[in-house]
Amino acid sequence: MNDKIIRVMLASTEDASQLLAIAKKELDVINDVLRGTISIKAFDWKKSAVSGMGNAQENIFEQANIEEADYFVSIFRFNYGKPTGNKYPDSELRYNSGMEEEFYKAYHLWELYKSPEIMIFKSEEPVPRDHIGGIKKLENFFKDFHGDGKHPGLYNTFKNEADFAEKFRKNILARVFKTISDDKPAEYDRSNMTNIFFDNDNSKRNSIKAGELQKTETIRLQAKSCYSFLATDGILQAPVRKALDKGSKFELIIQNPWTLHALQWALTADDFAKQRLQYKKYEKKTMSAEDIMDTYKQCHWIYARYELSIKGYKDLSSEFKGKIELRVTNLDLSNSILFTDDFLFLEPYIHTLKSKTRSLSLFEVQIPKGSEIYKDTSDYFASRLRLSEAFGAFKKNEDAYKETLLQDLASVYGEK
């Protein structure tokens, strides 16, 4: 089945080129996560247009056709751009910049066809001294977004590059998920999401999960370490304990930490990246298998996540005998999955090498039990549970797993 293609036209002033690059990177990540469902094709005139005679802006419009875009994104920082020489339709007034002309072209199409959808981003960063003189045109343009302006509507503001990345991602994802929902076949009509959570929704997300955990009869969970649910200081351990105390059953699957894909995933985390010398050696494959293994055993995911999760499991298992079952999988886990009696909570995992942050900020969706997605994912979980290893058996084999991992490291990274 071919991915549905969404075309995004990106427009930015010269001083927003870094933001343009951030936007493209965010789209690449979303494409990776939603591969098989949606394919986002980004284009901007700086990359698309080739040289030609005549009015420069007209050449841009012919080559980077706004009519073909599903979304039109304008990113403003401090500059407003330079006049194009072109006039407004049926007017002697001239556009003040190429960005202005591109926006009004998109806005006119939206008025006629409600497409492309328009997303505008405006910086609230401190204005550099050498840009203060030219900021007036930019401010006048944004005044016309008010209710009595020439183009009433909403625009996004951002305080820095990280804030822009988060708001751009949210805007795109909200529209992408609406597209997915609108395009679902009939049998998926009941699978609409109840909620979608982003980074700044953690309190709301955890509150909803805690409430669902305390009223469910069965908890099923798949996660790398299940730290939030098992560790003594895990944010959701208290509601899990209450659920078990009421008689709920808890089945969970964690990642075998002594596998190559678990190690590679964990060593992209921030605490390892801070050890720059070791990290560079690891990337360049100039680090011995033994040194990689030693570094891994000391990394945050092992000593502050996995080990504390196992301790929490043992405590809960001792207290609530027969009510909690932990199994370990050698397969890679690409997402966290939490089932309650009424909902599925699904969150993709992704880390990035060479990142200054521990992970990419993504999202989590809450899906009701009546949906096909809930049923399909439940079947997937049941299969994973059958193929995984009981925790007791895993502990007996743990030294053998460590030895196998060391051999795999030597094979992949070589003995240096």
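Here is a short tour of this predicted model, from the whole chain to one helix and then to one proline.

**The whole chain**

Start with the full protein chain selected. Its secondary structure comes to 16 helices and 13 strands. Of its 416 residues, 49% are buried. The chain exposes about 21000 Å², and carbon and sulfur atoms supply 49% of that area. Now turn to contacts between residues with a separation of 6 or more: 74% of them join residues 24 or more positions apart.

**Helix α4**

Next, select residues 98–113, which form helix α4. Draw a distance between the C-alpha atoms at its two ends and you should find 22 Å. That agrees with expectation, because 16 helical residues at 1.5 Å a residue should span 22 Å.

Add Ser97 to the selection to see how the N-terminal end of α4 is capped. A side-chain oxygen of Ser97 lies 3.4 Å from the backbone nitrogen of Met99. Met99 itself is buried, and other buried residues of α4 include Gly98, Phe103, Tyr104, Tyr107 and Leu109. Glu100, Glu101 and Glu102 are also buried. Then step just past the helix to Lys114, which takes a positive phi of about 60°.

**Pro239 and its surroundings**

For the last stop, select residues 237–245, helix α9, and pick out Pro239 within it. Is Pro239 buried or exposed? Its relative accessible area is 6%, so Pro239 is buried.

Leaving aside residues up to four places away in sequence, show what Pro239 touches: Ala210, Leu213 and Gln214. Finally, add Lys215, which is 24 residues from Pro239 in sequence. Their C-alpha atoms are 9.6 Å apart in space.

How values were computed: Residues are numbered from 1 along each chain as its sequence is written. This is a predicted model: local features need pLDDT of at least 70, side-chain atom pairs count only at pLDDT 80 or more; totals for chains, interfaces and linings use all residues. Side-chain values use heavy atoms; hydrogens and water are left out. Helices (H or I, at least four residues) and strands (E, at least two) are DSSP runs, numbered from the N terminus. The expected span of a helix is 1.5 Å times one less than its number of residues. Buried means under 20% relative accessible area, exposed over 50%, partly exposed in between (1.4 Å probe, protein chains only). A polar contact is a pair of N or O atoms within 3.5 Å; within protein, one must be able to donate a hydrogen and the other to accept it, and residues adjacent in sequence count only if both atoms are side-chain atoms. Contact means heavy atoms within 4.5 Å. Accessible areas come from the Shrake-Rupley method with a 1.4 Å probe; for residues, only the protein chains shown count as cover.
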